[in-house]
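Student: Hi! Could you walk me through this model?
Tutor: Happy to, here it comes.

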Amino acid sequence: MALEETLNANEEGIENEDVEMSFLDHLEELRHRLIYAIVGVVIGSIAAWIFIDPLVEIVLLKPARDSGATLQNLRPFGQLFLYVQVAIVAGIIISLPNIFYHLWKFIAPALRKKERKYILSIVIFTTVCFLAGVAFAYFVMLPMALKFAAQFGSDQIKNEFAIDEYMSIIISVMLAAGCVFELPMVSFFLTKLGILTPNFMRKYRRHSIVIILFLSAILTPGADPVSQVILAVPLVLLYEISIFISKISVKKS
């Protein structure tokens with residue numbers, strides 16, 4: 001009888017996957033997830049290194065060519081360090097699905113059993129949001145910013161950019177835009193935690209739009225209102241999408 005009860009308890013534990021974990025168990029689980037994520041980044045970086053020349057010359061230097069900016073290397077091993085940096089960042093972007101998957105698997109024990117079924121969908125949606133932000137930065141924000149920087153100033157002063165500074169701007173802007181485009185997922189989580197509600201977001205919609213316009217005016221180079229609107233419109237759309245996702249999350253809860 002005791003043996004039967006033990007077997008039933010084990011089966012229920014396997015079914016529910018709701019076994020209590022100690023603090024050390026959580027740390028061990030976190031360590032494993034980090035190792036899996038780092039291995040994915042290493043593999044992605046190696047794959048990026050194989051195609052490093054077209055990645056740098058065709059993709060990352062294209063905004064500089066289109067804007068007419070002149071680039072120069074000022075350090076003896078500047079291009080080598082640059083290529084390594086690009087390979088690592090590209091490896092991170094390539095391995096995003098793997099990183100998000102293990103992040104969600106680490107969070108999974110805090111979710112209900114029916115919510116765990118959507119981990120794959122959440123991973124895909126999170127990755128798409130980040131890549132959409134990177135694409136928006138590459139095709140919209142960076143061309144405007146570099147064109148302004150290349151043409152600004154006196155005609156007697158030639159604008160020549162250090163390659164490491166150029167790449168730092170390119171990479172940081174794309175990663176920042178990718179993070180900003182994760183706003184819908186952030187609203188989903190905060191709603192699940194009970195910190196955020198769709199009614200709260202609707203109530204302060206006007207305030208949020210004013211803040212978005214203010215940020216667009218600061219982040220957009222120059223005083224061109226068209227560029228500010230181009231940057232503000234996606235942010236407003238993201239805010240509206242976040243309200244919709246928050247509403248769905250509340251209904252499911």
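Tutor: We can talk about the surface and then the cores. This is a predicted model: local features need pLDDT of at least 70, side-chain atom pairs count only at pLDDT 80 or more, and totals for chains, interfaces and linings use all residues. Residues are numbered from 1 along each chain as its sequence is written, and side-chain values use heavy atoms, leaving out hydrogens and water.

Student: Which residues form a nonpolar patch on the surface?
Tutor: Leu24, Leu27, Leu30, Leu34, Ile38, Val42, Ile46, Ile50 and Phe51, with about 900 Å² of accessible area together. Patch members have over 30% relative accessible area and no salt bridge (Lys or Arg side-chain nitrogen within 4 Å of an Asp or Glu carboxyl oxygen), and nonpolar side chains are joined within 5 Å. Areas are Shrake-Rupley with a 1.4 Å probe.

Student: Is Phe51 buried or exposed?
Tutor: Exposed, because its relative accessible area is 55% and the cut-off for exposed is over 50%, with buried under 20%. Phe51 sits in the loop between α2 (23-50) and α3 (52-60); helices are DSSP runs of H or I, at least four residues.

Student: And what does Ser45 touch?
Tutor: Ala87, Ile88 and Gly91, not counting residues up to four places away in sequence; contact means heavy atoms within 4.5 Å. Ser45 is in helix α2 and counts as buried at 14% relative accessibility.

Student: Switching topic: which residues touch the most other members of the largest nonpolar core?
Tutor: Among its 32 residues, Val56, Val86, Trp104, Tyr166, Met167, Ile170 and Met174 do. A core joins buried Ala, Val, Leu, Ile, Met, Phe, Trp, Tyr and Cys residues through side-chain atoms within 4.5 Å.

Student: Which helix gives the most to this core?
Tutor: α7, with ten residues.

How values were computed: Patch = residues over 30% accessible without salt bridge, like charges linked within 9 Å, V, L, I, M, F, W, Y side chains within 5 Å. Helix = DSSP H or I, 4+ residues; strand = E, 2+ residues; numbered from the N terminus. Buried < 20%, exposed > 50% of the residue type's maximum accessible area, 1.4 Å probe, protein only.
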